[in-house]
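Colleague: I should like to go through this chain with you step by step. May I put my questions to you in turn?

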Amino acid sequence: MEERNGTLSARSAVLSALLGSHPPRLPARHLVRIGALFGIAEGTVRVALSRMVAAGDLVQEGGAYALSQRLVERQARQDESRDPHVRPWDGTWEVVVVTAERRAPADRAAFRHTMTALRLAELREGTWLRPANLVRDWPEIVTAQCTLIDGRPHDDPTPLLWDLDGWTAEAARLERALDRALATGDLADGFLVSAAVLRHLLADPLLPDELLPAGWPGAGLRARYDDFDRRYREILQEHLRL
C-alpha cells in the first residue's frame with residue numbers, strides 16, 4: 001500500500017479495508033469513515049472509489065463496494081499467509097526452470113509476480129526454487145513456460161535465496177508496533193500496522209523447520225496478529241457504527 005508520512009492514500013485505505021474484510025464488501029459510508037481516520041476528505045474517497053471501479057479493482061453493488069475477482073484472489077493469498085498450508089518436508093526442493101524462448105515484458109512481469117506469490121526465490125535468471133513443503137497447485141502461467149524438477153541440492157541454498165535475518169528483525173519491530181497500537185487504541189495507527197503485518201506475512205518464505213534459524217518468529221507473529229486483529233476489529237466496527 002502507498003504509505004505517505006504515516007498515512008495512506010485514498011486508494012490504499014479503501015483496498016486495505018476491503019482486503020481485511022470478510023466478505024470483502026463494505027458500504028460506501030464505512031469506507032468514507034475509514035478515510036477520515038487519515039484526514040482524507042469524503043469527496044476524495046468517493047473519487048477514488050469511482051476510479052477503482054473504472055479500473056476493474058472494485059465492483060459497485062448498490063451503496064456498497066466489493067473487491068473484483070482479481071483482488072479476491074489477492075485476499076485469498078493474504079489469508080493463506082496467516083494460516084499456511086504446509087506438509088512434512090522430505091528434503092526435496094522444487095526447481096522451476098524457464099524454458100520458453102521469447103516472452104513479452106508484460107508476460108515476464110506477470111510470471112515474476114506469480115513466482116513470488118508461490119514463494120519461490122530466483123537463484124539466477126530463469127531458475128527458481130524452494131523446499132517442497134507447500135500444498136498448492138501449479139498455475140498454467142508456470143506450467144506453460146517452465147520445466148518443473150524435483151531435486152536435492154548438495155549444499156543448502158537457503159542463505160542465497162532469503163534474507164531470514166532481515167525478516168526476523170522486521171517481525172520483531174512489527175510485534176512491538178502491534179503492542180503499541182493496542183495500548184494507545186489509535187485506530188489510524190492500528191490500521192497501518194495491520195496492513196504492514198499482512199504484507200510481511202506475505203513475504204514469509206514458509207520454509208520447513210529444518211531450514212529455519214532457532215527462534216524463528218513466523219508462528220509467533222501470526223498468533224500475535226490474530227489476537228490483535230480480533231480486538232482491533234471490534235474497536236473499528238464500533239467506530240463505523242457511530
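**The two annotated domains**

Modeller: Let us begin with a span near which several later questions turn. Over residues 10-70 the chain is 56% helix and 18% strand, and the C-alpha atoms at the two ends are 20 Å apart. Please bear in mind that the model is predicted.

Colleague: Which feature does UniProt place at residues 10-70?

Modeller: The annotation comes from an unreviewed UniProt entry. For residues 10-70, that entry gives the feature "domain: Transcriptional repressor PaaX-like N-terminal".

Colleague: How far apart are the end C-alpha atoms of residues 189-240?

Modeller: In the unreviewed UniProt entry, residues 189-240 are listed as "domain: Transcriptional repressor PaaX-like C-terminal". The span is 71% helix and 0% strand. Its end C-alpha atoms are separated by 16 Å.

**The chain and its confidence**

Colleague: How many helices and strands does the chain have?

Modeller: The C-alpha atoms of the chain fill a box of roughly 60 × 40 × 30 Å along the principal axes. Buried residues make up 46% of its 242 residues. As for secondary structure, the chain has 10 helices and 9 strands.

Colleague: Where in the chain is confidence lowest?

Modeller: The mean pLDDT of the chain is 93, and 97% of its residues reach 70 or more. Over residues 1-5, however, pLDDT stays under 50. Where pLDDT is low, the predicted coordinates should not be read in detail. Confidence is highest in strand β8 (residues 127-131), at a mean of 98, and lowest, at a mean of 44, in strand β1 (residues 3-4).

Colleague: What share of the accessible surface belongs to carbon and sulfur atoms?

Modeller: The accessible surface of the chain comes to about 12,900 Å². The part that belongs to carbon and sulfur atoms is 51%.

Colleague: How far apart do the centres of the positive and negative side chains lie?

Modeller: The chain has 31 positive and 35 negative side chains. Each set has its own centre, and the distance between the two centres is 6 Å.

**Individual residues**

Colleague: Is Asp57 buried or exposed?

Modeller: Asp57 is in the loop between α3 (42-54) and β4 (58-61). Beyond its neighbours within four places in sequence, its contacts include Arg11, Met52 and Leu71. Its relative accessible area is 6%, and a residue under 20% counts as buried, so Asp57 is buried.

Colleague: Is His154 buried or exposed?

Modeller: His154 lies in the loop between β9 (146-151) and α7 (158-161). Its C-alpha atom is 17 Å from that of Glu122, 32 residues apart along the chain. Because its relative accessible area is 81% and the cut-off is over 50%, His154 is exposed.

Colleague: How far apart are the C-alpha atoms of Ala121 and Thr158?

Modeller: Ala121 is in strand β7 (residues 121-124) and counts as buried, at 7% relative accessibility. Not counting residues up to four places away in sequence, Ala121 touches Thr127, Trp128, Leu129, Leu161 and Trp162. Ala121 and Thr158 are 37 residues apart along the chain, and their C-alpha atoms are separated by 9.4 Å.

Colleague: In which helix is Trp167 placed?

Modeller: Trp167 is buried, with a relative accessible area of 6%. Leaving aside neighbours within four places in sequence, its contacts include His200, Asp204, Trp216 and Leu221. The helix that holds Trp167 spans residues 164-184 and is α8.

Colleague: Which residues is His239 in contact with, leaving aside its neighbours within four places in sequence?

Modeller: His239 lies in helix α10 (residues 218-241). At 17% relative accessibility, under the 20% cut-off, His239 therefore counts as buried. Leaving aside neighbours within four places in sequence, its contacts are Arg33, Leu37 and Leu187.

Colleague: Is Ile235 buried, partly exposed or exposed?

Modeller: Ile235 also lies in helix α10. Its C-alpha atom is 46 Å from that of Thr127, and the two are 108 residues apart in sequence. Because its relative accessible area is 39%, between the cut-offs of 20% and 50%, Ile235 is partly exposed.

Notes
Residues numbered from 1 in each chain as written. Predicted model: local features only at pLDDT ≥ 70, side-chain atom pairs only at ≥ 80, totals over all residues. Heavy atoms only, no water. UniProt positions renumbered as here; feature names shortened; annotations may be inferred. Helix = DSSP H or I, 4+ residues; strand = E, 2+ residues; numbered from the N terminus. Buried < 20%, exposed > 50% of the residue type's maximum accessible area, 1.4 Å probe, protein only. Contact = heavy atoms within 4.5 Å. pLDDT = per-residue confidence, 0-100. Areas by Shrake-Rupley, 256 points an atom, 1.4 Å probe, with all protein chains shown as cover. Lys, Arg positive; Asp, Glu negative; His and termini not counted. Charge placed at Lys NZ, Arg CZ, Asp CG, Glu CD.
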